[in-house]
Each structure stands twice: as C-alpha cells, then as structure tokens.
Amino acid sequence: MLSQSRNELLTQVGAGTPMGELLRRYWMPVAGVSELQAIPIKPVRLMGEDLVLYRDLGGTYGLVDRHCPHRRADLSYGFVEECGIRCNYHGWLYDETGQCIAQPYEDTAHPEVDLKARIRTTAYPVAAKGGLLWAYLGPLPAPELPDWECFGWENGFRQIVVSEIPCNWFQCQENSIDPVHFEWMHANWSLRLDGRTGPYAPTHLKVDFDEFDYGFRYKRIRADTDEQDALWTIGRVCLWPNCLFTGTHFEWRVPVDDTTTLSVSWFFSRVPTESEPYVQPDDAIPTWHSPIRDPATGRWITTHIMQQDFIAWVGQGAVADRSKENLGNSDRGIVMMRRQFFNDIDVVTAGKDPKGIIRDATINHRVALPVADRKLLTQGLSRSELAKDERAAALLTRFPWQAGQPEAVRQAQAAAFGIAITNQPLF
Ligand code: FES
Ligand SMILES: [Fe+2]
C-alpha cells in the first residue's frame with residue numbers, strides 16, 4: 001500500500017516531475033524503422049510532450065516539437081526535405097537539432113534580417129537499434145543506447161508490435177515482475193474462456209526475485225517443475241526501467257502521458273536450422289499495430305496473451321490507486337521494484353546516474369541478459385526437433401501474443417520457417 005503522494009511520485013511522468021526526470025535518463029523506443037520508411041513523419045506523444053518523429057530525404061532522423069515555432073501549425077502534416085522537416089503552412093524548415101534553416105519569404109524579401117538564425121524549436125536525439133527508433137529526452141550527453149545481445153542474434157524472424165493502452169505506465173511495468181499471474185490470467189482464464197472448466201494449470205509453489213545490473217529477475221517453481229527448471233535457475237527479466245524481457249521478446253511500456261502507455265514489443269522467432277542462413281535486415285522488420293478493443297462488442301479483446309495483460313492494466317484504473325491495495329508474499333518483486341524507483345528518484349535529484357545507465361561505450365556491445373531459452377534461441381532446432389518439442393514450438397511457430405497480426409506478416413514468418421505458422425488465438 002502506498003500513500004497518494006508516493007503513488008504520484010511513481011506515476012507522474014511530465015517534465016519536471018521526479019519520475020519524469022528519472023525516465024528522461026533512458027532511451028525510449030517510439031517506432032519501428034520500417035514505419036518511417038513507409039510514411040516518413042509520425043506524430044509521437046512521449047511523457048506528456050507532443051512531438052513529431054521524421055526521417056528526412058537524406059536519411060537523418062529527427063524528433064521535434066509538434067507545433068511550428070512560427071504560428072504553431074502541426075508539423076505532423078509537414079513534409080520532409082533533403083535535410084529536415086518543413087512546415088506545410090509557410091514553409092519554414094527545421095533540421096534535426098531544431099534549428100530553423102529556411103524561411104522562404106523572409107529569406108527572399110528580407111535576407112538581411114536573417115530571422116531564422118534566432119529560431120530554434122525543441123529537438124531530441126533519435127537513434128536506430130534493433131529495427132526500433134529510440135528517443136532520448138534527458139540532459140546531454142545522452143548515455144549509450146543499450147545494445148542488448150538479442151539485437152545481434154542471427155537467423156531470427158523479428159516483428160515489432162505497438163498498442164496504445166489507456167492507463168498509466170507504472171501498473172503496466174509492475175506486470176513485468178509478477179510471475180503468478182501467468183497461471184491465472186493466461187492459463188486458467190483462457191481455459192475458462194474456451195468453455196472448459198479444467199484441469200487448471202499446475203499451481204505456483206514458490207517464487208523468488210533478485211536484482212542484477214540491468215533490472216530484476218523473477219523465478220518460479222510450479223507443481224510440475226523443480227529447482228532444475230530454467231524458469232527457476234535463470235528466470236525472466238524485469239528490464240530497467242520499463243520493460244519485460246522473456247528471451248523471445250521485449251515488452252516496453254512507454255509512457256505517453258500520465259494516463260496512456262504505448263506498448264512496444266519486439267519479437268524474435270528463431271528459424272529452424274534447415275532454413276539458415278535467414279537474414280532479415282533491421283529496416284525490413286515489420287511493425288504493426290495491435291488493437292485492444294473488439295469493435296463488434298466494445299469490450300476488450302481477450303484472445304491473445306498480451307491483450308489479456310492489457311485488460312488487467314486498464315482494469316486497475318487510469319492510474320491505479322495504490323492506497324487501496326493489499327499486497328501478498330507474491331508481490332515481493334513489486335515492492336523491490338518500487339523501492340528501487342524511489343531510490344533512483346533521489347539519485348537523479350542528487351545529479352547522479354540511476355540504475356542501469358551505460359556510459360562506457362566499450363561495454364555496450366551485445367550486452368548479455370538472463371535468457372532461460374538461450375540454446376533454443378541462439379542455436380536453433382531442426383524442423384523435426386521443433387515438431388517434437390511442444391514448448392519450443394509454442395514459442396516459435398505460433399503467434400499467440402498479440403491480436404491483429406497482418407496476414408502478410410504471418411506469411412513472411414511461414415516463408416522464413418519453411419513450415420506453416422499459425423497466429424490462431426489461445427483458444
Ligand atoms: S506556422 Fe509553420 S511556417 Fe508558419
Ligand atoms: Fe502476462
């Protein structure tokens with residue numbers, strides 16, 4: 001249970017708020033590289049700031065204030081030039097540093113004034129990594145953009161999926177350190193949604209949590225596993241500060257504002273060994289949008305794993321009221337995570353780097369993370385091994401994670417695997 005004021009500390013993300021300042025120390029994924037190749041300008045709302053992400057004709061990325069400094073027109077309706085983004089109202093042009101570099105009428109009629117030299121808009125650094133575009137809104141110099149090892153894994157079919165979730169980011173992130181919900185939310189609830197009453201999934205007997213440089217690990221033993229199981233010896237990762245990492249995928253919970261979160265996930269499906277080498281360039285990773293509401297009923301979609309998580313998050317309210325919660329022993333990881341955030345808020349206030357920041361470029365190369373299914377993901381299995389290994393097949397040859405996968409993406413994965421792939425829901 002938390003007081004209202006402590007809850008606000010965790011949940012408010014605007015510029016100048018303690019958590020807003022903390023989160024601005026980290027790079028945030030905001031789009032897929034392939035999205036900007038298709039349409040070079042994308043409006044982005046990030047931590048309460050309205051911005052425009054663009055890729056100019058010269059291939060440079062920029063992230064600038066959505067409103068033109070001239071008379072506030074919407075730059076998401078502008079157009080890109082060889083260098084920069086141009087406002088569609090009077091043609092003022094801005095480069096990726098935010099500097100105004102052309103004002104067609106002023107430059108023609110009053111070049112001696114050189115008004116543009118005095119016009120600069122808000123602009124933030126953008127970088128590409130792993131097929132994602134990342135933004136950094138904090139003080140310069142920016143830290144390293146983490147080069148997680150899986151961005152270098154080979155022979156994988158990757159896809160990026162985004163969903164807008166109408167609730168605060170922190171309740172989404174608390175789901176990154178919540179082992180018990182798998183049993184109920186994904187296994188048993190799916191069974192009931194499918195019209196069956198049992199048997200229920202093996203129950204959790206023991207959970208544990210520990211900390212490492214880049215986050216926390218949660219570990220579980222269920223009635224059907226023991227202490228040799230990789231989900232106990234290695235576990236899964238609550239990646240700092242706003243991500244879940246399972247080996248097969250990342251799920252970032254990117255704060256749009258205090259009551260909206262952009263879920264950005266990055267999936268890696270290792271192709272069967274017979275399909276190697278499989279090369280998917282970063283800029284060819286498909287990015288697609290996954291809806292959360294069923295237009296036919298107006299209710300939340302329940303058929304896919306992450307859609308189920310989304311239902312839990314939005315069900316907690318626009319901003320979960322933690323003064324009314326009652327935590328149990330299974331919530332020890334959540335308590336550890338909150339304590340670390342409170343600590344990091346103080347660290348940032350003191351002018352230091354919070355947890356997980358990488359400043360040394362020499363260590364920022366394929367940074368290793370705990371991966372329970374490492375062999376499967378890095379060495380791969382043959383088609384016949386995949387067919388025999390139910391767990392591996394479930395991880396790699398299906399897409400039960402998010403609803404709305406485009407048929408073209410399913411077909412691309414099937415072609416990469418050389419076998420049929422299903423994106424059928426859980427039930
Ligand atoms: S409002 Fe953008 S150029 Fe005038
Ligand atoms: Fe979940």
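Q: In this predicted model, in what order do the eight strands of the open sheet with mixed pairing stand?
A: The order is β13-β14-β15-β16-β17-β18-β12-β19. On average, neighbouring strands of this sheet are turned by 20 degrees against each other, direction ignored.

Q: What makes β13 and β19 the edge strands of this sheet?
A: Each of them pairs on one side only. Strand β13 covers residues 204–212 and strand β19 covers 287–289.

Q: How do you know that β14 and β15 pair?
A: Two strands pair if there are at least two bridges between them. Strand β14 (residues 215–222) and strand β15 (residues 236–239) are joined by four bridges, in the antiparallel sense, and therefore they satisfy the criterion. Within this pair, F216 stands opposite C238 in β15.

Q: What holds paired strands of a sheet together?
A: Strands of a sheet pair through backbone hydrogen bonds, and they may do so in a parallel or an antiparallel manner.

Q: How do you know that β1 and β11 pair?
A: The requirement is at least two bridges. Four bridges join β1 to β11 (residues 132–135), so the requirement is met. The two strands run antiparallel, and the bridge partner of G32 in β11 is L132.

Q: Which sheet contains β1 and β11, and which strands are its edges?
A: They belong to an open sheet of three strands in the order β1-β11-β10, with antiparallel pairing. The edge strands are β1 (28–32) and β10 (126–129), since each pairs on one side only. Neighbouring strands here are turned by 35 degrees against each other on average, direction ignored.

Q: Which residues of helix α1 are called buried, and what is the cut-off?
A: The buried residues of α1 (residues 4–11) are N7, L10 and T11. A residue is called buried if 20 or more other C-beta atoms lie within 10 Å of its own.

Q: Why are the buried residues of α1 said to line one face of the helix?
A: Seen down the axis of α1, they fall within an arc of 85 degrees, and therefore they line one face. These buried residues pack against α2 (18–23), α5 (169–174) and α9 (332–349).

Q: Why is α6 called roughly perpendicular to α8?
A: Helix α6 (residues 181–193) and helix α8 (residues 305–315) pack at an angle of about 115 degrees, with their axes 10 Å apart. Angles of 65 to 115 degrees count as roughly perpendicular, so α6 is described as roughly perpendicular to α8. The contact is made by M185, H186 and W189 of α6 and by I305, Q308, D309 and A312 of α8. The crossing of α6 and α8 is right-handed.

Technical notes:
Residues are numbered from 1 along each chain as its sequence is written. Chains are lettered from A and ligands numbered from 1 in the order in which they are written. This is a predicted model: local features need pLDDT of at least 70, side-chain atom pairs count only at pLDDT 80 or more; totals for chains, interfaces and linings use all residues. Axes are lines fitted to C-alpha atoms, for helices over the stretch in contact, and angles run from 0 to 180 degrees between N-to-C directions. A residue is buried if 20 or more other C-beta atoms lie within 10 Å of its own, exposed if 12 or fewer, and partly exposed in between; C-beta atoms are placed from the backbone. The arc is that of the directions from the helix axis to the C-beta atoms. Two residues are in contact if their C-beta atoms, placed from the backbone, lie within 7 Å. Angles under 35 degrees count as roughly parallel, over 145 as roughly antiparallel, 65 to 115 as roughly perpendicular and the rest as oblique. A crossing is left-handed if the near helix is turned anticlockwise from the far one by less than a right angle, and right-handed if clockwise.
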